[in-house]
Amino acid sequence: MRKIALFAALLGLTACSHPAPPQGRWEGTYESSDVMIAARLEIEADGQVRVSAPDLLDIGPDERDAARAKLASDLDAAWDSVTPRPMDFDGETFRKPGGVAPQMIWKAKSKQMSLIVYLGTHPALRIAMREVGGFSDNPFGS
């Protein structure tokens, strides 16, 4: 009987513990007719999160290549100054401490990370991120 009670207590403690966020690096991009975003995300061993997502709005059709190059350059140049910060993580959703709005979504089964970006009055944008060993010079690819 004691073993069952001890097992139940341990199971209860495990269920209440905070899940560990995934560690790693991700990058991704978003493009629509009027918005372009390049994003980097790193989750450190202690759970601190570094994220940067420079954006450009109202891009003309003839400006897209230059816009991609600018965003890639801005992302790379600013990365060293991005400060790690804590996030609340419930096993799937990352939020600012005490916050409500989701900042990132992690699907553990598929190992898919999504970054949620809020640009003023635009609807929230979800960017599918790809896991990388090291960040590239151009997250838009070739």
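Q: Which residue forms a salt bridge with Glu92?
A: Lys107 does. In this predicted model, the closest N and O atoms of the pair are 3.3 Å apart.

Q: Where do Glu92 and Lys107 lie?
A: Glu92 is in the loop between β5 (88-89) and β6 (93-95). Lys107 is in strand β7. The partners are 15 residues apart in sequence, so the salt bridge ties together separate parts.

Q: Is Glu92 buried, exposed or partly exposed?
A: Partly exposed, at 35% relative accessibility. Lys107 also counts as partly exposed, at 37%.

Q: Which residue does Arg95 meet in a salt bridge?
A: Asp90. The N to O distance there is 3.7 Å. Arg95 is partly exposed, with 25% relative accessibility.

Q: How many salt bridges are there in the whole structure?
A: A search finds 10.

Q: Which residues are linked in a network of salt bridges?
A: Glu31, Arg64, Asp65 and Arg68.

Q: OK, Asp74 next. What does it form a salt bridge with?
A: Lys70. Their closest N and O atoms are 2.7 Å apart.

Q: And where do Asp74 and Lys70 lie?
A: Both are in helix α2 (residues 64-78). They sit 4 residues apart, about one turn of the helix.

Q: What is the relative accessible area of Asp74?
A: It is 30%, which makes Asp74 partly exposed. Lys70 is partly exposed as well, at 42%.

Q: Switching to the inside. How many residues are in the largest nonpolar core?
A: It has 20. Leu41, Phe94, Met113, Leu115 and Met129 touch the most other members.

Q: Which elements give two or more residues to this core?
A: Five strands are named here: β2 (35-43), β3 (49-52), β7 (102-107), β8 (112-117) and β9 (125-132).

Q: Which one gives the largest share?
A: β2, with 5 residues.

Q: What about Met129? Which residues is it in contact with, leaving aside neighbours within four places in sequence?
A: One stretch is Trp26, Glu27 and Gly28. Then come Ala39, Arg40 and Leu41. The list ends with Gln112, Met113, Ser114 and Leu115. Of these, Leu41, Met113 and Leu115 are also among the core members that touch the most others.

Q: There's a second core too. How many residues does that one hold?
A: It holds 7, and it is separate. Its members include Met36, Ala38, Leu71 and Phe140.

Key
Residues numbered from 1 in each chain as written. Predicted model: local features only at pLDDT ≥ 70, side-chain atom pairs only at ≥ 80, totals over all residues. Heavy atoms only, no water. Core = buried A, V, L, I, M, F, W, Y, C linked by side-chain atoms within 4.5 Å. Buried < 20%, exposed > 50% of the residue type's maximum accessible area, 1.4 Å probe, protein only. Contact = heavy atoms within 4.5 Å. Salt bridge = Lys/Arg side-chain N within 4 Å of Asp/Glu carboxyl O.
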